[in-house]
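Biologist: Please take a close look at the core of this model for me, beginning with one sheet and working outwards to what lies around it. I would like the cut-offs behind each term spelled out as you go.

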Amino acid sequence: MVTLPDIEEARRRIAGHVVHTPLQSSQSLSGQCGAPIFLKLENHQTTGSFKLRGATNAILCLNEAARLRGLITASTGNHGRALAHAAKALGARATICLSALVPANKVEAIRVLGADVRIVGRSQDDAMREVERLVHEEGMRFVPPFDDAAVIAGQGTIGLEIADDLPDVALVLVPLSGGGLASGVAAAIKSRRPQAKVIGVSMERGAAMAVSLAAGAPTDVEEVETLADSLGGGIGLDNRLTFAMCRNLLDDVLLLSEDEIAEGIRHAARVEGETVEGAAAVGIAALLAGKVRADGPIAIVVSGGNIDPAVHRAIVDDIKTGVV
């Protein structure tokens, strides 16, 4: 398991490579919920999402020979962009395998960073098969999107920042997908403030970790189109770390409808003045839907802002899209 010393070392390692993002008070949400609400704005991170933390830590843990062989990953978009950015900054070559479900704006953002982009199949599992082929045939170094100790420790630095900036935090709402973010944040929060609760939030459609936790073991789940596209993909039937960490550290898991997620995006834009993607809006959406209660301060991890501008405009203007 990834521990507090691992996360503290990750914070020292990635200092200067990532931004200590704002923890912003939300007067609107605080008024509605009757408790102080704070937004941890990872959409202000350099690449527009939290993923830069884990990708940077993972690369910095590699020796030069491993970096020179080339780095490769499968991604729903944000991890790929983070790996491409970190690899470029550290002088390494990156190949990013994506499925056809990854939004075009995220694909283009990765290409702009100079990475080799490969579109494979219609699921992250399809993209992962291409990763496995290239690792086997070309000796490239795989940097996992979530199920990796260095990646988890990097994401856990968000939890350290929350604990530093809000020492009396009672509850943390964190987006839940493969579990790298949720397990890292939970490990940090529970170590610093054991009485605080950490709840994972995901979408109703294709929430692989939620299904796996309910089943008691990693489970295959069909990946489908959703506004929370960054939360798509499986957790891997051979999952080594994040399933057990989420099982042991999360206090609950909440699932949201597409309409609820859209409302979270709208609120972020209209009231908070923040552009967030569907995956990042789930914590806000859970509060708005009345699915969360707490007796003390709540921190919401707003994980990223890399949403297609046309989709964002349609949601904010309350125009029905094909996903909702």
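Modeller: What follows starts with one sheet, goes through its strands in turn, and then moves to the helices and to a second sheet.

This is a predicted model, in which local features need pLDDT of at least 70 and side-chain atom pairs count only at pLDDT 80 or more, while totals for chains, interfaces and linings use all residues. Residues are numbered from 1 along each chain as its sequence is written, and side-chain values use heavy atoms, with hydrogens and water left out.

Helices (H or I, at least four residues) and strands (E, at least two) are DSSP runs numbered from the N terminus, and two strands are said to pair if DSSP finds at least two bridges between them. On that basis, six strands make up an open sheet with mixed pairing, in the order β1-β2-β10-β7-β8-β9. Its edges are β1 (23-25) and β9 (252-256), each of which pairs on one side only. Ignoring direction, neighbouring strands of this sheet are turned against each other by 25° on average, where axes are lines fitted to C-alpha atoms, for helices over the stretch in contact, and angles run from 0 to 180 degrees between N-to-C directions.

Within this sheet, strand β10 (residues 298-302) deserves a careful description. Five of its five residues are buried, buried meaning under 20% relative accessible area, with exposed over 50% and partly exposed in between (1.4 Å probe, protein chains only). The cover extends to both faces of β10, with I298, I300 and V302 buried on one side and A299 and V301 buried on the other. Towards β2, strand β10 runs parallel and is joined by five bridges; L39 has I300 in β10 as its bridge partner, and L41 stands opposite V302 in β10. Towards strand β7 (residues 171-175), β10 again runs parallel, here over three bridges, and I300 is the bridge partner of L173.

Strand β2 has five of its five residues buried, so it is largely enclosed by the rest of the structure. From β2, I37, L39 and L41 point one way while F38 and K40 point the other, and all of them are buried. β1 and β2 pair in the antiparallel sense over three bridges, and S25 stands opposite F38 in β2. At the β9 edge, by contrast, strand β8 (residues 197-203) and β9 pair in the parallel sense over five bridges, and G200 faces V253 in β9.

β2 also takes part in the surroundings of helix α3 (residues 51-60). Nine of the ten residues of α3 are buried, so this helix is largely enclosed by the rest of the structure. Those buried residues, K51, L52, R53, G54, A55, T56, N57, A58 and I59, pack against α1 (4-14), β2 (37-41), α4 (64-68), β3 (71-75), α5 (78-89) and α8 (149-165), contact meaning heavy atoms within 4.5 Å.

One of those partners, α1, also meets helix α9 (residues 180-192), and their axes come within 9 Å and cross at roughly 110°. Angles under 35 degrees count as roughly parallel, over 145 as roughly antiparallel, 65 to 115 as roughly perpendicular and the rest as oblique; α1 and α9 are therefore roughly perpendicular to each other. L4, I7, E8 and R11 in α1 meet G184, A187, A188, S191 and R192 in α9.

Another of the partners, β3, belongs to a second open sheet, in which four strands pair in the parallel sense in the order β5-β4-β3-β6. Its edge strands, each pairing on one side only, are β5 (116-119) and β6 (141-142). Strand β4 (residues 94-98) and β5 share four bridges in the parallel sense, and L98 stands opposite I119 in β5. Helix α6 (residues 104-112) packs on this sheet, touching β4 and β5, and its direction makes about 150° with that of β5. Helix α7 (residues 124-138) packs on the sheet as well, touching β3, β4, β5 and β6, and its direction makes about 165° with that of β3.
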